[in-house]
Number of protein chains: 2
Amino acid sequence: MIVEDLPRHACIELLARTRLGRLACAQNQQPYVTPFFFAYRLEALYSFSRLGQKIAWMRSNPLVCVEVDEIETPHSWSSVIVSGHYEELPPTPEGEPERKLAYSLLQERPVWWEPGYAKTASREGPLELVYFRVHATHISGRTARP
Amino acid sequence: MIVEDLPRHACIELLARTRLGRLACAQNQQPYVTPFFFAYRLEALYSFSRLGQKIAWMRSNPLVCVEVDEIETPHSWSSVIVSGHYEELPPTPEGEPERKLAYSLLQERPVWWEPGYAKTASREGPLELVYFRVHATHISGRTARP
């Protein structure tokens with residue numbers, strides 16, 4: 001197996017065609033990582049989440065890291081790592097354009113969890129969805145082939 | 001879709017049957033997350049890695065978080081999150097029993113990257129593999145069904 005750095009354009013292409021990643025945040029030296037769905041555009045990853053630990057931590061410390069991979073076989077895989085910072089897209093008049101952009105990007109392909117969120121809301125009462133984006137400050141990747 | 005907490009025994013079962021997870025560490029409030037392969041035993045996740053950023057950061061700050069999931073369909077998935085701390089298994093006489101345990105656990109099912117590591121070593125010269133385990137201090141999970 002040969003492991004090499006993934007060229008930047010290939011990192012971008014992988015981010016653009018992938019929807020599922022893992023998002024890590026940290027508080028007081030304790031990291032926290034969860035799966036999340038996103039849409040990539042112009043060095044930013046757009047997403048949304050229920051209000052919970054992840055959002056609380058990213059509001060407190062906006063430094064985040066995203067990992068996205070494609071594992072075809074044990075010896076043929078690619079992994080991209082994005083370091084960046086969290087930016088919330090609030091439901092305010094000023095934030096509305098970016099929020100609409102996020103929504104339209106996420107609508108381009110089916111968003112896995114959104115119908116689930118909506119139904120969960122109807123079972124458990126009102127549900128606050130937080131829209132946000134991760135601004136990429138550093139993108140790198142590695143790829144392996146047999 | 002109904003989202004529920006995953007009972008502890010189900011979290012443990014998922015960890016025991018899975019090999020691929022994502023490991024997050026942090027340094028100076030900046031998180032970092034990478035895919036990794038592991039074997040679970042008695043509230044610990046055993047693994048190995050090449051010497052690099054991940055190992056350097058975990059040596060500096062042993063607080064880590066591991067995420068492991070099984071996504072069958074968009075509305076049928078489980079995700080387990082383990083908070084814990086990093087412990088290195090050094091190649092010393094004192095560390096040898098735990099290191100051997102790690103090796104035997106990882107050998108029980110094919111370890112995806114180890115042959116790759118070995119071949120990479122032969123191409124690029126000596127390769128230092130660091131064996132370690134993550135002691136789980138908190139395990140939680142969520143599961144979704146339609």
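Two residues are in contact when their C-beta atoms, placed from the backbone, lie within 7 Å of each other. Keep that idea in hand as we walk through this model, which is predicted. Among the contacts in chain A between residues at least 6 apart in sequence, 69% join residues at least 24 apart.

Let's begin with the layout of chain A. Its secondary structure comes to 4 helices and 8 strands. If you follow the sequence from start to end, the pattern reads β-α-β-β-β-β-α-β-β-α-α-β. Chain A has 146 residues, and 35% of them are buried.

Now look at how the two chains are arranged. A turn of 180 degrees, with a shift of 0.0 Å along the axis, lays chain B on chain A with an RMSD of 0.0 Å. The two copies are therefore related as by a two-fold rotation axis.

Where do the copies touch? Chain A gives 30 residues to the contact and chain B gives 29. On the side of chain B that touches chain A, the elements that give two or more residues are strand 2 (20-27), strand 3 (30-37), strand 6 (63-73), strand 7 (76-88) and helix 4 (114-124) of chain B. Strand 3 of chain B supplies the largest share, 6 residues. Sorted by character, the residues on this side of chain B are 16 nonpolar, 9 polar and 4 charged. What is more, 100% of the interface residues of chain B are also interface residues in chain A, so the copies meet through the same surface.

Next, turn to the interior. In soluble globular proteins, nonpolar side chains tend to be buried together. Here the largest nonpolar core has 66 residues, and those with the most contacts inside it are A:Ala24, A:Val64, B:Ala24 and B:Val64. Take A:Ala24 as an example. Leaving aside residues up to four places away in sequence, A:Ala24 touches residues of chain A including A:Pro31, A:Val33 and A:Val64, and it also touches B:Ala24, B:Pro31, B:Tyr32 and B:Val33.

A helix can show you two different settings at once. In helix 1 of chain B (residues 8-17), the buried residues are B:Cys11, B:Leu14 and B:Leu15. Seen down the axis of helix 1 of chain B, these buried residues fall within an arc of 100 degrees, so they line one face of the helix. An α-helix has 3.6 residues a turn, so residues three or four places apart point the same way. The cover over the buried residues of helix 1 of chain B includes strand 4 (39-41), strand 6, strand 7 and strand 8 (129-145) of chain B. On the other side of helix 1 of chain B, B:His9, B:Ala16 and B:Arg17 are exposed.

Finally, let's visit some loops. Most residues other than glycine have a negative phi. A:Asn28, in the loop between strand 2 (20-27) and strand 3 (30-37) of chain A, has a positive phi of about 50 degrees although it is not a glycine. A:Gln29 lies in the loop between strand 2 and strand 3 of chain A, and its phi is also positive, near 75 degrees. A:Asn28 counts as exposed because it has 10 C-beta neighbours inside 10 Å, while A:Gln29, with 15, counts as partly exposed.

Another loop, between helix 3 (96-107) and helix 4 (114-124) of chain A, holds A:Glu108. With 10 other C-beta atoms within 10 Å, A:Glu108 is exposed. The C-alpha atoms of A:Glu108 and A:Ala56 are separated by 28 Å, and these residues are 52 apart along the chain.

How values were computed:
Residues numbered from 1 in each chain as written. Chains lettered and ligands numbered in written order. Predicted model: local features only at pLDDT ≥ 70, side-chain atom pairs only at ≥ 80, totals over all residues. Nonpolar A, V, L, I, M, F, W, Y, C, P; charged D, E, K, R; others polar. Least-squares fit on C-alpha atoms with pLDDT ≥ 70 in both. Buried ≥ 20, exposed ≤ 12 C-beta atoms within 10 Å, placed from the backbone. Arc of directions from axis to C-beta. Core = buried A, V, L, I, M, F, W, Y, C linked by C-beta atoms within 7 Å.
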